[in-house]
Amino acid sequence: MKILKDILKNVKAKRIVGKTDIEIRSICFDSREAKPQCIFVAVKGTKTDGHNYIEQCINAGATAIVCDVLPEILIEDITYVFVEDSSFALGIISSNFYDNPSSHIKVIGITGTNGKTTTVNLLHDLFTGLGYKVGLLSTIENKIGNKIIKSTHTTPDSIEINRLLKEMLEQNCSYCFMEVSSHA
């Protein structure tokens with residue numbers, strides 16, 4: 001659990017309506033994942049706009065909303081954080097929520113047209129063989145030490161990346177080898 005004002009560190013808010021000393025238990029940008037004491041970040045996607053789901057998230061228990069378009073009607077006891085780009089803010093917020101894990105682990109990202117999966121797996125196996133505890137984020141699977149976690153995307157979203165990096169740190173990993181799609 002974190003305090004909203006700490007999660008918002010380095011987020012350039014144009015305006016904040018409501019309290020920032022509230023407790024936050026989780027972050028989401030998918031309205032289906034909204035729950036009590038979460039912060040919902042309304043992101044404009046390619047198929048739908050998260051701003052259309054703000055009311056649904058509040059009804060599910062969200063106590064803070066980050067958006068780049070303020071709703072016409074603001075609900076009392078909900079904190080609204082108005083930003084220039086909510087997608088950009090999501091990266092900062094998720095890093096802060098998980099204690100900025102990328103600043104405590106060496107992250108090596110591999111990008112390109114071909115060979116990303118092979119390269120990160122070779123590096124993972126090499127460094128593991130050399131005695132390092134390492135993590136892997138790839139198209140096929142994610143690994144934290146010897147633990148295998150199903151992968152759903154070449155590059156996970158910013159919340160998932162930070163959550164996995166935090167878990168890698170908790171398992172004393174010193175490196176993370178990561179596929180990075182050009183799109184991501």
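The legends below describe an overall view and several close-up views of a predicted model.

**Figure 1. Overall fold of the predicted protein model.** The protein has five helices and twelve strands. Its radius of gyration is 18 Å, close to the 16 Å that the globule rule gives for 184 residues, so the protein is as compact as a globular protein of that length. Along the principal axes, the C-alpha atoms fill a box of roughly 55 × 30 × 25 Å. Of contacts between residues at least 6 apart in sequence, 56% join residues at least 24 apart.

**Figure 2. Surface and charges of the protein.** The accessible surface comes to about 10300 Å², and carbon and sulfur atoms account for 50% of that area. Of the 184 residues, 43% count as buried. The protein carries 20 positive and 21 negative charges, and the mean positions of the two sets are 5 Å apart.

**Figure 3. Close-up of cysteine 28 and cysteine 38.** Zero disulfides are found in a search of the whole structure. A disulfide is a covalent bond between the sulfur atoms of two cysteines. For cysteine 28, the nearest cysteine sulfur is that of cysteine 38, at 4.0 Å. The cut-off for a disulfide is 2.5 Å between sulfur atoms, so this pair is not counted as one. Cysteine 28 has 1% relative accessibility and therefore counts as buried, the limit being under 20%.

**Figure 4. Close-up of cysteine 67.** Cysteine 67 is likewise in no disulfide. The nearest cysteine sulfur belongs to cysteine 57 and lies 12 Å away. With a relative accessibility of 0%, cysteine 67 counts as buried.

**Figure 5. Close-up of glutamine 37 in the loop between β4 and β5.** The loop that holds glutamine 37 joins β4 (26-28) to β5 (38-41). Most residues other than glycine have a negative phi. In glutamine 37, phi is positive, near 60 degrees. The relative accessibility of glutamine 37 is 25%, so this residue counts as partly exposed.

**Figure 6. Close-up of asparagine 172 in the loop between α5 and β12.** Asparagine 172 follows α5 (158-170) and precedes β12 (175-179), in the loop between them. Although asparagine 172 is not a glycine, its phi is positive, at about 65 degrees. Asparagine 172 has a relative accessible area of 60% and is therefore exposed, a class that requires over 50%.

Conventions:
Residues are numbered from 1 along each chain as its sequence is written. This is a predicted model: local features need pLDDT of at least 70, side-chain atom pairs count only at pLDDT 80 or more; totals for chains, interfaces and linings use all residues. Side-chain values use heavy atoms; hydrogens and water are left out. Helices (H or I, at least four residues) and strands (E, at least two) are DSSP runs, numbered from the N terminus. The radius of gyration is taken over C-alpha atoms; the globule rule is 2.2 Å times the number of residues to the power 0.38. Buried means under 20% relative accessible area, exposed over 50%, partly exposed in between (1.4 Å probe, protein chains only). Contact means heavy atoms within 4.5 Å. Accessible areas come from the Shrake-Rupley method with a 1.4 Å probe; for residues, only the protein chains shown count as cover. Lys and Arg count as positive and Asp and Glu as negative; His and the chain ends are not counted. The place of a charge is taken as NZ of Lys, CZ of Arg, CG of Asp or CD of Glu.
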